[in-house]
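Colleague: I'm new to reading protein models, so could you walk me through this one? I'll ask, and you show me how you get to each answer.

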Amino acid sequence: MSESAIRSRKEFGKTVAADITHRLREEIIACGLAPGEPLRFDVLRERFGVSFTTLREALTALTAEGLVDAQEQRGFRVAPVSRQDLVEVTDARVLIEVELIRRAIERGDDDWEIAVISTLHRLKRIEQRDPEHPLRDPEWKIAHRQFHQALVSACGSATLLAIRADLFDRAERYRHLSANFRPRPRDKAGEHQAIMQAAISRNPDLAVQLIEAHIRTTADNVATYAAHLLDTE
C-alpha cells in the first residue's frame with residue numbers, strides 16, 4: 001500500500017485540518033471536485049463548518065501533494081489535468097512496473113505467490129458488489145492498490161517501490177476520469193486475472209505485455225473520452 005494512502009488514514013480524525021485534508025483529497029482524486037475547479041473559502045467554510053485558518057492549512061497540504069494549485073491573488077483551485085502529465089505519468093509507470101514485475105517474478109517465493117492470489121481474490125469479492133462501477137467503493141480502491149503492490153512486492157528494492165507508489169497515486173485521478181467517461185464497461189477483472197496468471201506462471205514477457213497494456217488502456221481512455229478536461233486553464 002502506498003505511503004500517501006497510509007498517511008491519509010493515519011491523519012484522518014487526528015485534527016480538524018487533517019480531517020478536511022483527507023476529505024478534500026478523496027473528492028479531488030475521485031473527481032467529485034473537477035480539475036481546475038476553484039476552491040472558494042466561503043463555500044468551503046459553510047460546507048465544512050471550519051475556520052479560515054483550518055481551510056488554509058488543509059489546502060496548503062494538498063498543494064504540497066500536487067492536488068491543489070495556489071494562484072497568486074486568486075486563491076486556490078483543484079490542480080488541472082493535462083495531456084503532458086498524463087503521458088509522463090503513464091510512461092514513467094510503464095518503465096517502473098515493467099522492471100519491478102520482472103524482478104518480482106524472478107525473485108518471488110511461495111509467500112509472494114500467495115499474496116498475489118489472495119489480494120486478487122479479495123478484489124474480485126469486492127467487485128461483485130458493483131461490477132460496473134467498482135471505483136465508487138472505497139474498499140475496492142484499497143484492494144486494487146494492494147493487488148498491484150503484491151505483484152511487485154518481491155522485487156527487492158524499497159526505493160523503486162516508493163517511486164512506484166507515488167506514480168500509482170498520481171494516476172488515481174486519471175483512473176477515475178477513465179471510468180467516469182468511457183462509454184462501455186471495461187473488463188478490468190479479466191485484465192487483473194490474466195496479469196496474475198502470467199505472474200505466478202513465471203512468464204515475465206507475457207506479464208510485462210499485459211501490465212503495460214493495462215496501464216496504457218487507462219491513458220488511452222482518458223485521452224479519447226475525457227479530452228475536454230485536459231489542458232484546460
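Modeller: Happy to. Keep in mind that this is a predicted model.

Colleague: Let's start in the middle of things, then. Which elements do the buried residues of α4 pack against?

Modeller: Begin with who is buried in α4: Thr54, Leu55, Ala58, Leu59 and Leu62. Down the helix axis these residues fall within an arc of 125°, so they line one face of α4. That face packs against α2 (16-29), β1 (38-39), α3 (41-48), β2 (68-71) and β3 (75-78).

Colleague: And which exposed residues sit on the face of α4 turned away from its buried side?

Modeller: Here's a handy bit of background. An α-helix has 3.6 residues a turn, so residues three or four places apart point the same way. In α4, the buried side holds Leu55, Ala58, Leu59 and Leu62, among others. The face turned away from that side carries Thr53 and Ala64.

Colleague: How far apart are the end C-alpha atoms of helix α4?

Modeller: You can predict that before you look. The helix covers residues 52-64, which is 13 residues, and at 1.5 Å a residue it should span 18 Å. The model agrees with the expectation, because the end C-alpha atoms of α4 are apart by 18 Å.

Colleague: What phi does Gly66 take?

Modeller: Gly66 comes just after α4. Its phi is positive, at about 85°.

Colleague: Let's try the same span check on α11. How far apart are its end C-alpha atoms?

Modeller: Same recipe: α11 has 22 residues, so at 1.5 Å a residue it should span 32 Å. The model's value agrees with that, the ends being apart by 31 Å.

Colleague: What covers the buried residues of α11?

Modeller: First, the buried set in α11: Ala207, Val208, Ile211, His214, Ile215, Thr218, Ala219, Asn221 and Val222. Their cover includes α5, α7, α9 (172-181) and α10.

Colleague: Now the inside of the protein. Which element gives the most to the largest nonpolar core?

Modeller: That core has 32 residues, and those with the most contacts inside it are Ile101, Trp112, Val116, Phe147 and Leu151. Elements giving two or more residues to the core are α5 (83-107), α6 (110-127), α7 (138-152), α8 (158-170), α10 (188-200) and α11 (204-225). With 7 residues, the top contributor is α5.

Colleague: Which residues does Leu151 contact, leaving aside neighbours within four places in sequence?

Modeller: Leu151 is one of the residues with the most contacts inside the largest core. Once those sequence neighbours are set aside, its partners are Ile101, Ala104, Trp112, Val116, Ile195 and Ala199.

Colleague: How many residues are in the second, separate core?

Modeller: You've met part of it already, as Leu59 and Leu62 are buried in α4. The second core includes both, along with Phe41 and Leu44, and its size is 18 residues.

Colleague: Is Cys31 buried or exposed?

Modeller: Cys31 is in the loop between α2 and β1, and it has a positive phi of about 65° although it is not a glycine. The cut-off for buried is under 20% relative accessible area. At 16%, Cys31 therefore counts as buried.

Colleague: What about Cys155, and how many disulfides does the structure hold?

Modeller: Cys155 has a relative accessible area of 0%, so it is buried. As for disulfides, the structure holds 0.

Colleague: Which residues does Ala30 contact, leaving aside neighbours within four places in sequence?

Modeller: Ala30 is also in the loop between α2 and β1. Its relative accessible area is 27%, so Ala30 is partly exposed. Its contacts are His176 and Asn180.

Colleague: Which residues does Val16 touch, not counting those up to four places away in sequence?

Modeller: Val16 is in helix α2, and at 48% relative accessibility it counts as partly exposed. The residues it touches are Val50 and Thr54.

Colleague: Last one: in which helix is confidence lowest?

Modeller: For the chain, the mean pLDDT is 89, and 93% of residues reach 70 or more. Confidence is highest in α6, at 97, while the lowest mean is 43. Over residues 1-13 the pLDDT is below 50. The helix with the lowest confidence, at residues 3-11, is α1.

Note on methods:
Residues are numbered from 1 along each chain as its sequence is written. This is a predicted model: local features need pLDDT of at least 70, side-chain atom pairs count only at pLDDT 80 or more; totals for chains, interfaces and linings use all residues. Side-chain values use heavy atoms; hydrogens and water are left out. Helices (H or I, at least four residues) and strands (E, at least two) are DSSP runs, numbered from the N terminus. The expected span of a helix is 1.5 Å times one less than its number of residues. Buried means under 20% relative accessible area, exposed over 50%, partly exposed in between (1.4 Å probe, protein chains only). The arc is that of the directions from the helix axis to the C-beta atoms. Contact means heavy atoms within 4.5 Å. A nonpolar core is a set of buried Ala, Val, Leu, Ile, Met, Phe, Trp, Tyr and Cys residues joined through side-chain atoms within 4.5 Å. pLDDT is the predictor's confidence in each residue, from 0 to 100. A disulfide is a pair of cysteine sulfur atoms within 2.5 Å.
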